[in-house]
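Here are a few notes to help you find your way around this one. Have a look at the model first, then read on.

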2 protein chains.
Amino acid sequence: MAMKALSKATIYQVAQLAGVSIATVSRALRDSDLVTAQTRERVQAAARQLNFTPSRLGRSLAEGRHAANGIVFPDLVGPYYAEVILGYEAAAAGFGSSVLILATGGRDDAEAAVRELAGRVDGLTVMGQTVPDEVITSLAVPVVALARDPVPGVDTVRARNARTAKNLVEHLLEHGHRRFTFVGDPDIAPDVRGRWDGVRQALSQQQEPPHLVRTPGLDLEAGEQAALQPGRAVVCANDEIALGVLLAAEKAGLRVPEDLAVTGWDDLLAARFAGLTTVRQPMRELGATAARWLHRRITEDTDVPAAPRRRVLATQLVVRRSCGIHSPEVHR
Amino acid sequence: MAMKALSKATIYQVAQLAGVSIATVSRALRDSDLVTAQTRERVQAAARQLNFTPSRLGRSLAEGRHAANGIVFPDLVGPYYAEVILGYEAAAAGFGSSVLILATGGRDDAEAAVRELAGRVDGLTVMGQTVPDEVITSLAVPVVALARDPVPGVDTVRARNARTAKNLVEHLLEHGHRRFTFVGDPDIAPDVRGRWDGVRQALSQQQEPPHLVRTPGLDLEAGEQAALQPGRAVVCANDEIALGVLLAAEKAGLRVPEDLAVTGWDDLLAARFAGLTTVRQPMRELGATAARWLHRRITEDTDVPAAPRRRVLATQLVVRRSCGIHSPEVHR
DNA sequence: TTGAAAGCGCTACCAT
DNA sequence: ATGGTAGCGCTTTCAA
């Protein structure tokens with residue numbers, strides 16, 4: 001009767017089967033030059049026969065490192081976080097590091113969860129509005145802040161918000177729009193705050209300041225709920241809100257962009273099909289950069305920690321129909 | 001000068017500071033009734049002072065469990081996997097289990113990566129076409145298969161494909177369509193295979209069998225490349241392909257649905273704005289179910305393993321404009 | 001080249 | 001109620 005050799009075999013059993021000490025097994029299975037070819041062979045055979053895989057726990061405990069790192073994000077809705085995480089995971093894999101994820105959205109014990117996570121990893125990437133700065137600085141592992149306001153002493157990676165938002169509004173001004181509404185809550189995320197700041201900057205010389213409509217979330221529904229007035233340019237915190245606004249406008253019989261100009265942020269696939277003017281972010285690159293920086297921190301000489309780094313990745317305006325009527329050339 | 005009390009404190013230091021043994025510390029910080037209120041207090045104070053957090057490694061090694069599980073997926077593009085993973089993470093968190101992720105897409109050592117991951121977790125959820133069955137059955141931890149053909153002895157969770165695809169085609173038949181094209185590669189994923197099967201079943205009584213256009217991927221580009229002929233109903237393996245087809249149709253001057261009917265699968269946000277008829281899957285529920293089942297396996301009495309479970313979650317046809325002209329009532 | 005043994009930080013059993 | 005201590009599985013000196 002065939003037995004399923006579900007490992008759980010330990011280094012001791014391999015040692016015994018191969019007739020050597022566990023030290024030799026450990027070496028044979030990893031080092032090179034400290035073991036005879038013969039011995040190595042014998043050990044490997046034994047290991048194979050027992051379907052032996054070294055215990056990560058034992059190994060990590062002995063080595064003093066997890067060979068894993070974590071990423072904390074508010075939620076995973078929409079392609080934004082997914083893309084960031086994918087870029088992160090790919091880069092981390094390149095360093096031989098596993099990735100743990102933690103979504104704080106809808107969790108009341110976010111801080112505890114982050115602390116617990118910190119105990120499982122060599123370093124942590126923390127995104128946006130997930131936990132307060134104090135938590136970050138009190139962690140015992142290196143941290144990289146992603147899409148988050150700079151934290152003292154912590155590396156920070158962000159996408160450009162304010163400047164591109166300014167460009168966006170200037171584009172709308174060129175279209176002749178003068179009355180602006182911003183939909184979204186600047187306090188919900190640093191990214192949104194930056195966009196709102198850019199909008200205000202762009203309009204600081206204008207007669208009428210932008211009107212702010214705070215929404216509870218960043219989703220379709222938030223956009224659908226937003227009260228609409230014809231003749232305004234509606235700059236939304238993200239694409240989902242903008243798409244909600246589009247839906248509401250249609251329902252209200254308002255034409256876009258004739259009666260109402262609308263813009264989003266993120267360049268979701270849906271934005272393309274809705275003809276939504278928006279802004280594209282280098283999502284994967286955000287994640288990959290964070291992973292790389294974190295790895296640098298983890299492996300750096302802790303006696304001489306480098307000064308905290310800051311990087312702002314460029315974002316790109318994507319002009320489509322919803323911001324106003326364009327000249328002959330077709331924008332898509 | 002204030003010192004940053006970056007923990008790395010061990011249970012021994014806490015014990016010493018509190019003037020007790022490590023056993024007492026361990027108890028005071030977790031158990032209840034085995035420690036005086038006084039002692040507990042003293043220990044907690046010491047722990048706080050040293051910013052002590054028990055080492056997960058030490059704890060896991062002693063307890064013989066990771067309190068973590070993993071999910072393996074091909075890629076993270078599109079909202080599908082992101083949603084599944086979110087549902088998974090949320091459910092796992094409910095069990096106090098951390099989540100490790102592994103994307104096999106674009107990795108040549110997928111099998112090794114999965115084995116490595118298996119060493120870090122108490123159980124694993126494996127999605128779709130990531131690694132061969134042999135790998136799954138040879139792992140030393142419980143596995144749940146998700147969106148994957150059943151593996152002997154392994155719990156399987158899937159979404160309904162064939163039957164809903166059949167319904168979809170029948171709907172198209174009611175519209176009067178008789179010539180069908182399926183775009184996507186059934187060998188790329190069990191889900192796609194199931195949809196293709198359903199299409200063929202639905203047309204088994206028809207004169208003309210469906211035409212299969214195999215695409216290299218499941219993305220927009222795949223759909224854009226697909227050669228189009230007017231007068232056909234184009235059933236796509238997923239929404240992204242379908243949206244690509246829509247784009248190509250527009251470019252070719254074909255009207256949808258008049259010249260070409262198109263359907264997708266997944267009900268992306270973009271599908272709504274493109275008026276695409278599609279199928280909705282319970283993505284979060286898929287993930288959550290897998291997490292629950294895995295937890296059951298992990299905690300079950302291993303002497304009496306329950307028979308493998310199978311579940312197929314219902315999917316829902318979402319009729320919009322792209323499948324044909326509908327009667328007066330507006331479908332959206 | 002190989003073995004013995006000391007940790008790594010914790011839990012849990014056995015005494016007291 | 002508390003302390004002592006034997007593991008958990010591995011890596012890595014230190015000797016031989």
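1. Let's start with the make-up of the surface near DNA strand C: its residues split into 14 nonpolar, 9 polar and 5 charged. Keep in mind that this is a predicted model.

2. Who sits around the strand? In total, 28 residues surround DNA strand C, and the closest come from both chains: Thr24(A) and Thr39(A), along with Ile11(B), Ser26(B) and Arg30(B).

3. Now for the helices. Chain A brings helix 2 (22–28) and helix 4 (56–63), while chain B brings helix 1 (11–18), helix 2 (22–28) and helix 4 (56–63); each of these supplies at least two residues of the surface near DNA strand C. The top contributor is helix 4 of chain B, with 5 residues.

4. Which part of the strand faces the protein? Looking at the atoms of DNA strand C within 4 Å of the protein, 67% belong to sugar or phosphate, and bases make up the rest.

5. Some individual contacts are worth a click. Arg30(B), already listed among the closest residues, has a side-chain N or O atom 2.4 Å from a phosphate oxygen of DNA strand C. Bases are contacted too: a side-chain N or O atom of Arg27(A) lies 2.8 Å from a base nitrogen of the strand. With Gly58(B), a polar backbone atom is 3.1 Å from a base nitrogen.

6. Finally, zoom out to chain A. Its domain assignment lists domain 1 (11–61), domain 2 (66–158 + 284–301) and domain 3 (162–280 + 316–331). Taken over C-alpha atoms, the centres of domain 1 and domain 2 of chain A are 35 Å apart.

Technical notes:
Residues are numbered from 1 along each chain as its sequence is written. Chains are lettered from A and ligands numbered from 1 in the order in which they are written. This is a predicted model: local features need pLDDT of at least 70, side-chain atom pairs count only at pLDDT 80 or more; totals for chains, interfaces and linings use all residues. Side-chain values use heavy atoms; hydrogens and water are left out. Domain bounds come from an automatic or database domain assignment. A residue is near a molecule or strand if one of its heavy atoms lies within 4 Å of it. A polar contact is a pair of N or O atoms within 3.5 Å; within protein, one must be able to donate a hydrogen and the other to accept it, and residues adjacent in sequence count only if both atoms are side-chain atoms. Helices (H or I, at least four residues) and strands (E, at least two) are DSSP runs, numbered from the N terminus. Ala, Val, Leu, Ile, Met, Phe, Trp, Tyr, Cys and Pro count as nonpolar, Asp, Glu, Lys and Arg as charged, and the others, Gly among them, as polar.
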